[in-house]
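This report describes selected features of a predicted model. It covers strand pairing, backbone angles, helix packing and a pocket.

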Amino acid sequence: MEKTIEVKGLRKSFKNVEVLTGVDFEVRAGSIFALLGSNGAGKTTTVKILTTLLKPDGGTATVNGFDVVSKPDHVRQSISLTGQFAAVDEILTGRENLVMIAKLRHISDPRQVADDLLKRFGLTEAADRRALTYSGGMRRRLDIAMSLVGKPRLIFLDEPTTGLDPEGRLEVWKVVKELAGSGTTVLLTTQYLDEAEQLADRIAILHQGKIIASGTLAELKSLFPPAKVEYVEKQPSLEEIFLAIIGKKEAKVN
């Protein structure tokens, strides 16, 4: 299968502090690849190098077949990046945000592109509201929609659900799955274990500047001994207690 990203021996230091100490991984076309790690592990630094925002100190990295150091312009033209915080103009409406990006990318029919993306991301009803009025999940969906103007082959999502409530996270998860389903390659960074488990075809664990394990979820699970079956006393949850009490009261009324 075609490789969209190839990284070998990637290194980066800041003020004599090594952040990346030799990172190696590859991403297959049309897949969701999760770079999993705690804060400070080097996830964002890796993404910045792959999107040509930083130059590596050593190693090599190719994106869509282009070297990130020698052909940065080619890399930028074939990718899109969504950072940790939604980069939307809150004064503009959702439609105006999309039209603006389409015009900047010299798309021939920016309004039609905007309408298509608004429909795809379930934002048609809110299209003419200022982005300031959007919920966190809606704002993030708009942000990702803006990243897809021009149909990039590869999209980078750097901790896309940071700061979102549970409902907003589920909205973003749905969008990411749909992106991969339509053939877009997704590199996702996250510190949330459940996010990587829910979304990723392959997972790489970045720790102290190195990939210490990588593979499918099943392959990572196989690194550990089989789960033990234990019987424990289960205490009722508050929800179960509430429903039981409500049920008893309704029975008495009847």
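## The open sheet

Strand E4, residues 58-63, is joined to E5 by two bridges, and the two strands run antiparallel. One residue pair fixes the register here: Val63 has Phe66 of E5 as its bridge partner. E4 also pairs with E1, again in the antiparallel sense, over five bridges. On that side the bridge partner of Ile5 is Val63 in E4. Val63 is thus a bridge partner of Ile5 and of Phe66.

E1 (residues 3-14) is joined to E2 by nine bridges, and this pair runs antiparallel as well. Glu6 has Glu26 in E2 as its bridge partner. Taken together, four strands make an open sheet with antiparallel pairing, in the order E2-E1-E4-E5. Its edge strands are E2 (17-28) and E5 (66-67), each of which pairs on one side only. In general, strands of a sheet pair through backbone hydrogen bonds, in a parallel or an antiparallel sense.

## Turns and positive phi

Most residues other than glycine have a negative phi. The hairpin of E1 and E2 has two residues between the strands, and Lys15 in its turn has a positive phi of about 50 degrees. Asn16 lies in the loop between E1 and E2. Its phi is near 65 degrees, a positive value in a residue other than glycine. Is Asn16 buried or exposed? Asn16 is exposed, with a relative accessible area of 81%.

Gln208 is not a glycine either, yet has a positive phi of about 50 degrees. This residue sits in the loop between strand E9 (202-207) and strand E10 (210-215). Gln208 is exposed, at a relative accessible area of 64%.

Positive phi values also follow two helices. His106, just after H3, has a positive phi of about 60 degrees. Gly122, just after H4, takes a positive phi of about 65 degrees.

## Packing of H3, H4 and H5

Which residues of H4 are buried? They are Pro110, Ala114, Leu117 and Leu118. These four lie on the same side of H4, because they cover an arc of only 105 degrees around the axis. An α-helix has 3.6 residues a turn, so residues three or four places apart point the same way. The buried residues of H4 pack against helix H3 (94-104) and helix H5 (136-147).

In H3 the buried residues are Gly94, Arg95, Asn97, Leu98, Val99, Ile101 and Ala102. They pack against H4 and H5.

## The largest pocket

The volume of the largest pocket is about 320 Å³. It is lined by 18 residues, and those closest to its centre are Arg120, Leu148, Gly150, Lys151 and Pro152.

Which helix gives the largest share of this lining? Helix H4 (residues 110-120) does, with four residues. By residue class, the lining of the largest pocket divides into six nonpolar, seven polar and five charged residues. H4 therefore appears in two settings: the helix contributes to the pocket lining, and its buried residues pack against H3 and H5, on the same side of H4 because of their arc of only 105 degrees.

Notes
Residues numbered from 1 in each chain as written. Predicted model: local features only at pLDDT ≥ 70, side-chain atom pairs only at ≥ 80, totals over all residues. Heavy atoms only, no water. 1 Å grid on protein atoms, 1.4 Å probe; cavity = no way out; pocket = protein on both sides within 12 Å on 5 of 7 lines; lining within 4 Å. Points joined across faces, edges and corners; volume = space filled by probe spheres on them. Nonpolar A, V, L, I, M, F, W, Y, C, P; charged D, E, K, R; others polar. Buried < 20%, exposed > 50% of the residue type's maximum accessible area, 1.4 Å probe, protein only. Arc of directions from axis to C-beta. Contact = heavy atoms within 4.5 Å. Pairing = 2+ DSSP bridges.
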